[in-house]
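Please read these notes alongside the sequence and the model. They concern the enclosed and open spaces, followed by two backbone angles.

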Amino acid sequence: MKNSNAHYIPCSIKYVMKKGYGLILGLAAFLILLFAPIDPAVLPVEARLAAAVTVMMAIFWITQPIPIEATALIPLVAFPLLGILTPTEAAVPYADKVIFLFLGGFIIAMSMQRWGLHKRIALKIINITGTSPRRLILGFMIATAFLSMWMSNTATAMMMIPIAIAIVATVLPTKVFSEMEPPHKAFAGCLVLAVAYAAGVGGIGTLIGTPANGILSAQMALIFPESTPIDFFTWMEFGVPFVIVMILIIWLWLTRVAYKKMPNVLTNAKEALDKEVKELGPMSRGEKNTLFVFILTAFCWIFAKSKDFGAFTLPGLDVLIPSINDSTIAIFGALLLFFLPISWKKQEYTMNWQWAVRIPWGILLLFGGGMCLSAAFIKSGLAQTIVGYLEVLNGVPVLLIVLAIAILVTFLTELTSNTAIASVMMPILAVTAISLSMNPLVLMMTAAVCSSLAFMLPVATPPNAIAFGTEYVEMKDMVTAGWFLNLIGIAVFTIFVFTIVLWAFGITLDLPSWALASTVNI
């Protein structure tokens with residue numbers, strides 16, 4: 001039996017999108033800005049043309065009348081036709097090195113899925129945490145968050161939620177939600193929702209965990225070429241502690257407040273987990289090869305650059321290979337999977353192209369589209385124009401600005417793709433920071449991280465939608481649990497900005513010298 005309001009909100013939103021109102025609105029906004037008699041002293045012609053394309057793409061990304069990946073291709077056509085960028089200048093961002101970082105990461109993650117390594121890792125972690133209701137939920141959250149650091153949150157949720165449902169079906173008298181007793185409903189709903197939230201938050205832990213992180217890294221390098229590149233280890237110094245704190249808070253909130261009336265014990269929980277592990281059998285050659293490449297690649301990412309600890313410096317791979325970077329390591333790891341054999345006789349290797357093509361190629365196009373927008377922002381003079389108008393905000397406390405951006409991005413993400421929101425916001429926040437004499441990384445990072453902190457609605461993230469689709473989570477429960485976690489996520493990140501972020505990235509809140517050097521281009 002379905003929930004009475006199941007699919008109401010997501011379906012109603014999709015209905016509006018499919019009616020084409022977003023398409024009409026986006027094209028109308030483009031044409032108005034294209035032909036509006038705006039004084040060039042107020043908005044230069046080239047800046048107006050760039051703004052027209054940007055506004056149209058933002059509307060398309062939010063309302064999604066066409067696939068967001070297709071929208072990301074618009075700059076390849078629009079900017080050369082409007083004379084803002086040459087065809088070469090428009091195409092270059094689509095081959096940025098960060099795109100290849102994600103390409104390599106995606107292929108390694110796909111190999112984990114091909115051989116089932118991700119499921120084995122998850123079950124091992126869950127087994128360690130215990131099988132009481134609350135400890136079982138924590139185990140699922142830790143396993144999900146860890147996998148989401150390396151795989152897409154959608155793939156992680158699609159793997160972990162069926163395992164959760166299998167556990168529910170084994171330890172409870174019935175798996176039909178409508179026939180469960182209230183404590184059993186609380187456990188089933190809490191478990192499924194906890195997995196969804198952990199999948200979303202876990203991606204914040206590493207640069208490749210969610211596209212928004214990569215967009216930040218790529219946009220920083222493009223807009224501020226003098227800045228220090230964001231490397232894998234530096235991001236983890238912030239990301240991993242943030243994920244740990246958020247996972248604990250979400251677990252406590254769900255198990256002690258939102259779903260506090262759960263059973264105290266679960267019969268057969270240990271047996272159910274052991275059965276899942278037993279069904280995996282011994283590790284296959286494909287799993288062993290993938291695990292080797294995964295560990296090797298992660299090791300190289302973490303130790304790519306020498307680490308200065310004050311009293312001593314820990315040598316990194318850059319001592320041997322000065323030009324090494326995270327993208328090179330990612331592609332090396334991916335290529336290695338195509339060389340490691342499963343069977344010489346059958347000419348079978350750990351990864352093949354039939355599996356490789358299953359990676360989310362559209363995400364790579366979104367990277368390119370967002371970076372092309374940034375290039376057009378700068379070259380057209382739109383960035384400089386925006387900087388001039390935003391100078392009126394000088395004097396506003398940094399705390400209020402960070403909170404305002406965090407709230408805006410978090411709740412916008414409830415209704416649209418976090419990747420699209422990050423792509424639109426990055427160039428805007430970069431020039432905003434310049435106008436306010438602030439460190440651009442602070443504002444841009446706020447948008448990147450907070451775009452992954454949407455917990456209220458099924459349409460906010462694919463994991464939320466997957467959890468809602470199990471029919472173990474009612475709309476009112478997701479909204480009730482989610483709004484508080486949205487606010488908590490904003491508060492926790494704001495605290496991290498003024499503490500861990502400044503320490504991990506070795507920055508201050510003031511406008512740095514590398515940003516001043518880049519203002520010449522902006």
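**Notes on cavities, a pocket and two loop residues**

1. The lining of the largest cavity consists of G105, I108, A109, M112, W150, I208, F294, T297, A298 and W301. Two elements, α7 (97-115) and α15 (285-302), each give two or more residues to this lining. The model is a predicted one, and the volume of the largest cavity in it comes to about 60 Å³.

2. By class, eight residues in the lining of the largest cavity are nonpolar and two are polar. Charged residues are absent from the lining of the largest cavity.

3. How many cavities of 30 Å³ or more does the structure hold? There are two. The second largest cavity has a volume of about 30 Å³. Its lining is made up of A196, Y197, G200, V201, S452, A454, F455, T461 and N464.

4. Which helix gives the most to the lining of the second largest cavity? Helix α11, spanning residues 182-202, does so with four residues. Five residues of the lining of the second largest cavity are nonpolar and four are polar, with no charged residue.

5. Turning to the open spaces, the second largest pocket holds about 370 Å³ of space. It is lined by 18 residues, of which T228, A504, F505, G506 and I507 are the closest to the centre of the pocket. The elements giving two or more residues to this lining are α13 (232-258) and α24 (475-505).

6. Helix α24 gives the most to the lining of the second largest pocket, namely three residues. What classes do the residues of this lining fall into? The lining of the second largest pocket has 10 nonpolar, six polar and two charged residues.

7. Two backbone angles deserve a look. Q64 is not a glycine, yet its phi is positive, at about 55°. This residue sits in the loop between α3 (45-63) and α4 (68-71). Is Q64 buried, partly exposed or exposed? Q64 counts as partly exposed because its relative accessibility is 31%, and the partly exposed class lies between the 20% and 50% cut-offs.

8. E471 is the other residue to check. Its phi is near 70°, a positive value in a residue other than glycine. E471 is placed in the loop between α23 (462-469) and α24. Helix α24 is also the element that gives three residues to the lining of the second largest pocket.

Key:
Residues are numbered from 1 along each chain as its sequence is written. This is a predicted model: local features need pLDDT of at least 70, side-chain atom pairs count only at pLDDT 80 or more; totals for chains, interfaces and linings use all residues. Side-chain values use heavy atoms; hydrogens and water are left out. On a 1 Å grid over the protein atoms alone, a cavity is a set of points where a 1.4 Å probe fits but cannot get out, and a pocket is an open set with protein on both sides within 12 Å along at least five of seven lines; lining residues have an atom within 4 Å of a point. Grid points are joined across faces, edges and corners, and a volume is the space filled by probe spheres set on the points. Ala, Val, Leu, Ile, Met, Phe, Trp, Tyr, Cys and Pro count as nonpolar, Asp, Glu, Lys and Arg as charged, and the others, Gly among them, as polar. Buried means under 20% relative accessible area, exposed over 50%, partly exposed in between (1.4 Å probe, protein chains only).
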